[in-house]
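Reader: I am new to this structure and would be grateful for a close look at a single part of it. Please set that part in the context of the whole.

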Amino acid sequence: MRVLVSGPRGFVGARVMDQLIRDGFDAVPSPSFRNCSEEDVKSVICRVQPEVIVHTAAISDIGTCEQNPELSYRANVELPLWIAKSGVKTLFFSTDQVYSGCESDGPYAEDETMPANTYARHKLEMEQRVLEVNPESVLLRATWMYDMPMYGVPNRGNFLMNMLRQKSCAFSSTQRRGVTYVREVAGWLPQTIHLPGGIYNYGSENDLTMLETARWLKNELQLDIELSDAGLRHHLWMNTDKLKASGICFKSTVDGLRQCMEDYQLKSFN
Ligand SMILES: NC(=O)c1ccc[n+]([C@@H]2O[C@H](COP(=O)([O-])OP(=O)(O)OC[C@H]3O[C@@H](n4cnc5c(N)ncnc54)[C@H](OP(=O)(O)O)[C@@H]3O)[C@@H](O)[C@H]2O)c1
């Protein structure tokens, strides 16, 4: 099956390419879609003739979106819409940030959303409009993801690397939020391609607060890191029952971290 991957040199896209190739897909990296027009997107899709598109290209930094809302709108709403208009079945990455202003304490199911920042508002608008244009679209609300560095691929700041590299870190003792091993995300894609169109919470559940999660990892790896309380933060934890009902069951956050530690042979650092 030919799969076009946008953002193939990004944090998620590079791992998606790697996994799809290993699983025997004809994975085709897209050129950069920065500063592109709708025509440019059309012509790439026309040339590649994919059966499926995995769209990871985005402006995913919350601060950048807050400071440059027009740029964010173009990258996070217009670009995905141009892709949806092609009619090709597409997996679009969205975010758990769509729950950042919810009134309830969660865990949040797909129909309870209240975005509290520009990035999240744009992602939510993208989800709704993309589904209107192409109801076969699969929207994946991802959690914060992590991995160790990969040769030749940028590794953006992530929970695991922060814990391994920094001398001190602050995490909230009130925030419950899933954190997911990005290789598990990539690993589920062959099944995800066959999901019916719709919105799915897509990642690890977590019953622990962020500070408890960090303390657990510190203890497991005997890390020399000082952990402090970052104070009140909104919950972002998700209920993934809809995804589980489709046969896709992510490990819990702690079990995902255990898997990553095993894959990279991470042992006690002291
Ligand atoms: N990383 C996370 O923890 C996380 C959490 C939740 C959701 N997500 C979502 O998952 C997807 C992938 O995230 P990521 O961490 O892989 O992102 P990323 O590494 O920051 O960026 C992915 C790619 O997006 C492209 N890009 C950057 N600016 C662009 C622009 N203005 N217009 C068009 N393309 C642009 C770049 O590709 P080129 O260099 O080829 O242009 C970049 O490599 C995104 O939709 C993100 O919102 C990520």
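Author: What follows takes one helix, α2, as its subject and then turns to the wider protein and its ligand. The model is a predicted one.

Helix α2 comprises residues 38–48, and within it V41, V44 and I45 are buried. These three cover an arc of only 95° around the axis, which places them on the same side of α2. The other side of the helix carries E39, S43, C46 and R47, which are exposed. As for the partners of the buried side, the buried residues of α2 pack against strand β1 (2–6) and helix α4. Just after the helix, Q49 adopts a positive phi of about 50°.

One of these partners, α4 (69–85), also belongs to the surroundings of the ligand: α4, α1 (11–22), β4 (89–95) and β6 (144–146) each supply at least two residues of the shell. In total, 23 residues surround the ligand, and the closest are G7, G10, V12, S32 and A58. By character, the residues of this shell comprise 13 nonpolar, seven polar and three charged.

The protein as a whole contains 11 helices and 10 strands. Its radius of gyration is 18 Å, close to the 18 Å that the globule rule gives for 270 residues, so the protein is as compact as a globular protein of that length. The C-alpha trace spans about 55 × 40 × 35 Å along its principal axes. Of the 270 residues, 44% count as buried. Among contacts between residues at least 6 apart in sequence, 78% join residues at least 24 apart.

Methods: Residues are numbered from 1 along each chain as its sequence is written. This is a predicted model: local features need pLDDT of at least 70, side-chain atom pairs count only at pLDDT 80 or more; totals for chains, interfaces and linings use all residues. A residue is near a molecule or strand if its C-beta atom, placed from the backbone, lies within 6 Å of it. Helices (H or I, at least four residues) and strands (E, at least two) are DSSP runs, numbered from the N terminus. Ala, Val, Leu, Ile, Met, Phe, Trp, Tyr, Cys and Pro count as nonpolar, Asp, Glu, Lys and Arg as charged, and the others, Gly among them, as polar. The radius of gyration is taken over C-alpha atoms; the globule rule is 2.2 Å times the number of residues to the power 0.38. A residue is buried if 20 or more other C-beta atoms lie within 10 Å of its own, exposed if 12 or fewer, and partly exposed in between; C-beta atoms are placed from the backbone. Two residues are in contact if their C-beta atoms, placed from the backbone, lie within 7 Å. The arc is that of the directions from the helix axis to the C-beta atoms.
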